[in-house]
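Thanks for coming, everyone. I would like to take a few minutes to walk through one model, looking at its side chains one group at a time.

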Amino acid sequence: MPSLLLEKVTFDHDNNFTLKDIDLSIPDGSFLALIGPNGSGKTTLMQLMSGLLIPRTGQITLDEHPLNQFNRRELARQI
């Protein structure tokens with residue numbers, strides 16, 4: 001069972017940059033490396049996964065609980 005799960009996540013920046021329909025499963029205890037060219041959305045994806053940005057569509061869950069149900073302190077402890 002994945003610890004962090006992104007399902008059909010879409011996010012739009014004001015400068016017309018879009019992450020669209022992102023599906024990602026990160027199992028508990030694993031490591032993840034995001035690589036890609038500048039401007040490809042690595043930081044935006046990390047901000048979504050840490051709850052700093054809210055997706056326009058889709059859902060992000062941590063241990064089967066929606067990310068937006070955690071308060072900042074709880075989320076910081078989990079991350």
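Let me begin with a definition, since I will lean on it throughout: a residue is called buried when its relative accessible area is under 20%, exposed when that value is over 50%, and partly exposed in between. Asp-23, at 47% relative accessibility, therefore counts as partly exposed. Please keep in mind as we go that this is a predicted model.

Asp-23 is a good place to start on the charged pairs, because its side chain meets that of Lys-8 in a salt bridge, with 3.5 Å from N to O, where the cut-off for that distance is 4 Å. Lys-8 belongs to strand S1, which covers residues 2-12, while Asp-23 belongs to strand S2, so this pair ties together parts of the chain that are 15 residues apart in sequence. Lys-8 is also partly exposed, at 49% relative accessibility.

How many salt bridges does the rule give in total? The count comes to two, and the other pair I want to show joins Arg-56 to Asp-12, with the closest N and O atoms 2.4 Å apart. Here the link is between distant parts of the chain, since Arg-56 sits in the loop between H1 and strand S3 (57-62) and Asp-12 sits in strand S1, 44 residues apart. Arg-56, with a relative accessible area of 54%, is exposed, whereas Asp-12, at 30%, is partly exposed.

Let me turn now to Thr-44, which is placed in helix H1, residues 42-49. Is this residue buried or exposed? Its relative accessible area is 8%, and because the limit for buried is under 20%, Thr-44 counts as buried. The side chain of Thr-44 makes a polar contact, at 2.8 Å, with the side chain of His-13. Leaving aside residues up to four places away in sequence, Thr-44 touches Phe-11, His-13, Phe-17, Leu-19 and Leu-53, so that His-13 appears both as a polar partner and in this list of neighbours.

Finally, the surface. Leu-32, Leu-34 and Met-46 form a nonpolar patch there, and together they have about 250 Å² of accessible area. Of these residues, Leu-32 is found in the loop between strand S2 (18-27) and H1, and at 43% relative accessibility Leu-32 counts as partly exposed.

That is the tour, and I am happy to go back to any of these residues.

Conventions. Residues are numbered from 1 along each chain as its sequence is written. This is a predicted model: local features need pLDDT of at least 70, side-chain atom pairs count only at pLDDT 80 or more; totals for chains, interfaces and linings use all residues. Side-chain values use heavy atoms; hydrogens and water are left out. Helices (H or I, at least four residues) and strands (E, at least two) are DSSP runs, numbered from the N terminus. Buried means under 20% relative accessible area, exposed over 50%, partly exposed in between (1.4 Å probe, protein chains only). A polar contact is a pair of N or O atoms within 3.5 Å; within protein, one must be able to donate a hydrogen and the other to accept it, and residues adjacent in sequence count only if both atoms are side-chain atoms. Contact means heavy atoms within 4.5 Å. Patches are made of residues with over 30% relative accessible area and no salt bridge: like charges are joined within 9 Å, nonpolar side chains (Val, Leu, Ile, Met, Phe, Trp, Tyr) within 5 Å. Accessible areas come from the Shrake-Rupley method with a 1.4 Å probe; for residues, only the protein chains shown count as cover.
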